[in-house]
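This briefing covers a nonpolar core, a pocket and a polar contact. Please refer to the sequence and structure shown here.

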Amino acid sequence: MAVLPVKFTKTKRDKLAQVLWILNWISVITGAILFSLGLFLKVEINKRKELMAERDIQYVPNMLIAVGLIACAINFLGGKICYDCVDTTKFLRWKLIMLPYIVCTFFFTSCILVGALMCYSMRGELEESLDLGLSAALKFYKDTDTPGRCFLKRTVDLLQIEFHCCGNNGYKDWFQIQWISNRYLDMSSKEVVDRFRSNVEGKYLRDGVPFSCCNVNSPRPCIQSQISNNSAHFNYDHVTEQLNLWPRGCRQALLDHYTHIMQSIGLTVLVIWVFELSVLTGVRYLQTALENVLRQGDPESESDGWLLENSFMETARSNLNIIKNLGKCNQVDTANNGDPNINVPCTSKATYGPDNVPLQQPAVTS
């Protein structure tokens, strides 16, 4: 029994072909949108790649770019097919191509769904990449004279100002690293020397943060040094008073930024997948309806269209049997050492002379 059969008249078939021609051209536009979304996501990631660890997180934008380009090509071909299917005689040139086209388009449409799901599943890898990358960036913040790292101070400062964040997980991350270069420290100062000696690793650690951590909305002048020392500031308690620093860490700020982008892209890709699946369903109905018209031999007659000629189980069983038979046809008779002619009987006996040259048999006379 056919799955979801629909009866089509000649007029309905023509209208369906015309509508599908228009929808395929719209699908070309959606393919361009997929390509643009992948390109946009790739650019956004590359903007702050120096703040990310070496992780393979480019596979999502790369897949969207590839799927978008393929969508443009496939739907362009689909538009040409549907345009010719308005005329039943022109359908003959596409008859052998339409079923493979539908199968390939079905698997391609599945790739669009996978791309949408990958946009939502990318968060974990992105969070790990940001955590490691930001930790390294903060560690090398002071290396303004080191080639390959001299840009990190400016990058981190701009990041904290733009995203209203401080540190990796919070402002206290700056307490655990030396973020002031030795060239700007007075080594003759007893306080500086004592700080170096008090640290096991010989680093200059202090309870301070860079200026870019300051909250510009705070009415109080920014307190960015001796943050945990209440006696160093008038009318100040670092435990109870709300600090005039950005409270959120930059890892969470960037993660929220990219998550919002990926969720928006994922929802758009999901809508495009539903649209592409609808177009593919229409093409399948058109193909089966036109094939049934050819079987009947009357282009003006009614015909049935369906998604599957048999039920899902019967179709799956039939395809499985086809695969099994193909496997059997490719098997070699190993018992005969792979020689298919070893058991073929000889129809005539020939006499061989020197150098294995067959001798001419004498003619038999009656």
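The largest nonpolar core, a set of buried Ala, Val, Leu, Ile, Met, Phe, Trp, Tyr and Cys residues joined through side-chain atoms within 4.5 Å, has 79 residues. Buried means under 20% relative accessible area (1.4 Å probe, protein chains only). Trp-174 and Val-209 have the most contacts inside this core. The model is predicted: local features need pLDDT of at least 70, side-chain atom pairs count only at pLDDT 80 or more, and totals for chains, interfaces and linings use all residues. Residues are numbered from 1 along each chain as its sequence is written, and side-chain values use heavy atoms, with hydrogens and water left out.

**Core**
- At least two core residues come from each of α1 (10-47), α2 (59-84), α4 (95-121), α5 (123-139), α6, α7 and α8 (250-296); helices are DSSP runs (H or I, at least four residues), numbered from the N terminus.
- With 17 residues, α8 gives the most to this core.
- Not counting residues up to four places away in sequence, Trp-174 touches (heavy atoms within 4.5 Å) residues including Leu-138, Trp-179, Arg-206 and Val-209.

**Arg-183**
- Arg-183 is found in the loop between α6 (152-163) and α7 (190-198).
- Arg-183 is exposed (over 50%), with a relative accessible area of 52%.
- Arg-183 and Asp-145 are 38 residues apart in sequence, and their C-alpha atoms are 9.9 Å apart in space.
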